[in-house]
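Please open the model in your viewer, with a cartoon representation and the option to show side chains as sticks. The tour below moves from one selection to the next and says what can be found at each stop.

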Amino acid sequence: VQLQASGGGLVQAGGSLRLSCTASGRTFRMVGWFRQAPGKEREFVAAIGRFGDVTYYGDSVKGRFTISRDNALQMNSLKPEDTAVYYCAAASRITTRDRDYNYWGKGTQVTVSS
(Lines give C-alpha, C1' and ligand atoms only; values in the text may rest on other atoms or scores of the structure.)
Protein backbone atom coordinates (compact mmCIF):
# COMPACT_ATOMS: atom_id res chain seq x y z
CA VAL A 1 0.00 0.00 0.00
CA GLN A 2 1.38 3.34 -1.03
CA LEU A 3 0.11 6.86 -0.78
CA GLN A 4 1.92 9.72 -2.41
CA ALA A 5 1.07 13.38 -1.97
CA SER A 6 2.43 16.00 -4.33
CA GLY A 7 1.82 19.51 -5.56
CA GLY A 8 2.96 21.60 -2.63
CA GLY A 9 4.95 24.76 -3.01
CA LEU A 10 5.24 28.44 -2.24
CA VAL A 11 2.33 30.73 -3.11
CA GLN A 12 1.25 34.24 -2.19
CA ALA A 13 -1.77 34.87 -0.05
CA GLY A 14 -4.91 34.74 -2.14
CA GLY A 15 -3.38 32.28 -4.56
CA SER A 16 -4.22 28.66 -5.33
CA LEU A 17 -2.57 25.28 -5.28
CA ARG A 18 -3.72 21.82 -6.22
CA LEU A 19 -2.46 18.85 -4.25
CA SER A 20 -2.59 15.35 -5.67
CA CYS A 21 -2.79 12.07 -3.81
CA THR A 22 -2.01 8.80 -5.52
CA ALA A 23 -3.14 5.68 -3.72
CA SER A 24 -2.14 2.21 -4.81
CA GLY A 25 -2.07 -1.31 -3.48
CA ARG A 26 -5.70 -1.62 -2.47
CA THR A 27 -8.94 0.28 -2.41
CA PHE A 28 -10.02 2.44 0.51
CA ARG A 29 -13.37 3.59 1.76
CA MET A 30 -12.14 7.07 2.56
CA VAL A 31 -9.25 9.30 1.52
CA GLY A 32 -8.49 12.33 3.61
CA TRP A 33 -6.15 15.27 3.81
CA PHE A 34 -4.59 16.45 7.04
CA ARG A 35 -2.07 19.14 7.76
CA GLN A 36 0.39 19.97 10.48
CA ALA A 37 2.04 23.30 11.07
CA PRO A 38 5.17 23.67 13.22
CA GLY A 39 4.33 23.49 16.90
CA LYS A 40 0.70 22.61 16.24
CA GLU A 41 -1.33 19.43 16.32
CA ARG A 42 -2.31 17.64 13.17
CA GLU A 43 -5.53 19.08 11.76
CA PHE A 44 -8.22 17.53 9.60
CA VAL A 45 -8.63 19.32 6.27
CA ALA A 46 -10.93 17.33 4.01
CA ALA A 47 -12.03 13.81 3.15
CA ILE A 48 -14.02 12.05 0.48
CA GLY A 49 -15.67 8.68 0.21
CA ARG A 50 -14.47 6.24 -2.40
CA PHE A 51 -17.63 6.67 -4.43
CA GLY A 52 -17.78 10.40 -3.95
CA ASP A 53 -20.84 9.79 -1.77
CA VAL A 54 -19.62 11.81 1.18
CA THR A 55 -17.31 14.78 1.59
CA TYR A 56 -16.18 16.53 4.76
CA TYR A 57 -14.23 19.70 5.37
CA GLY A 58 -12.55 21.25 8.35
CA ASP A 59 -14.13 24.49 9.49
CA SER A 60 -11.06 26.53 8.65
CA VAL A 61 -11.10 25.53 4.97
CA LYS A 62 -14.80 25.36 4.14
CA GLY A 63 -15.64 27.38 1.08
CA ARG A 64 -12.00 27.62 0.02
CA PHE A 65 -10.83 24.03 -0.43
CA THR A 66 -12.41 21.31 -2.53
CA ILE A 67 -11.62 17.60 -2.52
CA SER A 68 -12.44 15.63 -5.64
CA ARG A 69 -12.97 11.97 -6.51
CA ASP A 70 -9.44 11.63 -7.79
CA ASN A 71 -8.39 12.54 -4.22
CA ALA A 72 -6.95 15.87 -5.26
CA LEU A 73 -7.27 18.87 -3.01
CA GLN A 74 -7.91 22.19 -4.73
CA MET A 75 -6.94 25.03 -2.44
CA ASN A 76 -8.12 28.54 -3.29
CA SER A 77 -7.91 31.87 -1.47
CA LEU A 78 -4.92 30.62 0.47
CA LYS A 79 -3.95 32.35 3.69
CA PRO A 80 -0.65 32.41 5.58
CA GLU A 81 -2.28 30.28 8.26
CA ASP A 82 -2.70 27.51 5.69
CA THR A 83 1.07 27.04 5.78
CA ALA A 84 1.76 23.46 6.85
CA VAL A 85 2.87 20.05 5.73
CA TYR A 86 -0.09 18.39 4.06
CA TYR A 87 -0.62 14.64 4.23
CA CYS A 88 -3.01 12.38 2.41
CA ALA A 89 -4.24 9.31 4.21
CA ALA A 90 -6.65 6.44 3.68
CA ALA A 91 -9.15 4.69 5.89
CA SER A 92 -11.31 1.59 5.68
CA ARG A 93 -14.42 3.38 6.88
CA ILE A 94 -16.08 6.77 6.75
CA THR A 95 -14.29 8.93 9.29
CA THR A 96 -12.55 12.26 9.81
CA ARG A 97 -10.50 11.21 12.85
CA ASP A 98 -6.83 10.93 12.08
CA ARG A 99 -6.41 7.93 14.35
CA ASP A 100 -8.82 5.98 12.13
CA TYR A 101 -6.63 6.43 9.07
CA ASN A 102 -4.39 3.42 8.69
CA TYR A 103 -2.28 4.48 5.75
CA TRP A 104 -0.35 7.70 5.37
CA GLY A 105 1.76 9.17 2.64
CA LYS A 106 4.74 11.43 3.02
CA GLY A 107 3.72 15.02 3.35
CA THR A 108 4.09 17.88 0.93
CA GLN A 109 4.98 21.36 2.14
CA VAL A 110 2.63 24.25 1.44
CA THR A 111 3.89 27.72 2.26
CA VAL A 112 1.70 30.78 1.88
CA SER A 113 3.46 34.13 2.04
CA SER A 114 1.72 37.30 3.16
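Which residue stands opposite Thr55 in S6? To find out, bear in mind that this is a predicted model, and select strand S6, residues 55-57, together with S5, with which S6 pairs in the antiparallel sense over 3 bridges. The residue that stands opposite Thr55 is Ile48. Follow the chain between these two strands and you will pass through the turn of a hairpin, in which 5 residues separate S5 from S6 and Gly52 has a positive phi of about 70°.

Stay with S5, and colour residues 43-49 by accessibility: the strand is mostly covered, 6 of its 7 residues being buried. Next add S4, residues 30-36, which runs antiparallel to S5 and is joined to S5 by 6 bridges. Among the residues to pick out here is Gly32, whose bridge partner in S5 is Ala47. S4 and S5 also form a hairpin, this one with 6 residues between the strands, and Gly39 in its turn has a positive phi of about 75°.

Now select Arg35, which lies in strand S4, and show its side chain. Is Arg35 buried or exposed? Its relative accessible area is 5%, which is under the 20% cut-off, and Arg35 is therefore buried. Two polar contacts can be drawn from the side chain of Arg35: one goes to the side chain of Asp82, at 2.9 Å, and another goes to the side chain of Tyr86, also at 2.9 Å. If you expand the selection to the residues in contact with Arg35, leaving aside its neighbours within four places in sequence, you will find several parts of the sequence represented, including Glu43 and Val45, Ser60 and Val61, Phe65, and Ala84 and Val85.

For the next stop, hide these residues and display S1, S3, S8 and S7, which in that order form an open sheet of 4 strands with antiparallel pairing. Strand S1 (2-6) and strand S7 (65-67) stand at the edges with a single partner strand each, so that one side of each has no neighbour in the sheet. From one strand to the next, the twist averages 10°.

The sheet can be walked strand by strand. Begin with S1 and S3, which pair in the antiparallel sense over 5 bridges, and locate Gln2, which stands opposite Ser24 in S3. Cross from S3 to S8, to which S3 is joined by 3 bridges in an antiparallel arrangement; here Leu19 has Leu73 in S8 as its bridge partner. Leu73 is also the residue to keep selected for the last crossing, since Ile67 stands opposite Leu73, and S7 is joined to S8 (residues 73-75) by 3 bridges, again antiparallel.

Finish with the sulfur atoms. Which cysteines does the disulfide join? The structure holds 1 disulfide, and it joins Cys21 to Cys88 with an S to S distance of 2.4 Å. The pair links distant parts of the chain, 67 residues apart, with Cys21 in strand S3 (residues 17-24) and Cys88 in strand S9 (residues 84-91). The torsion about the S-S bond is about 75°, and the disulfide is therefore right-handed. Cys21 counts as buried at 5% relative accessibility, and Cys88 counts as buried at 0%.

Methods: Residues numbered from 1 in each chain as written. Predicted model: local features only at pLDDT ≥ 70, side-chain atom pairs only at ≥ 80, totals over all residues. Heavy atoms only, no water. Buried < 20%, exposed > 50% of the residue type's maximum accessible area, 1.4 Å probe, protein only. Pairing = 2+ DSSP bridges. Axes fitted to C-alpha atoms, helices over the stretch in contact; angles between N-to-C directions. Disulfide = S-S within 2.5 Å. Polar contact = N/O pair within 3.5 Å; in protein donor to acceptor, adjacent residues only side chain to side chain. Contact = heavy atoms within 4.5 Å.
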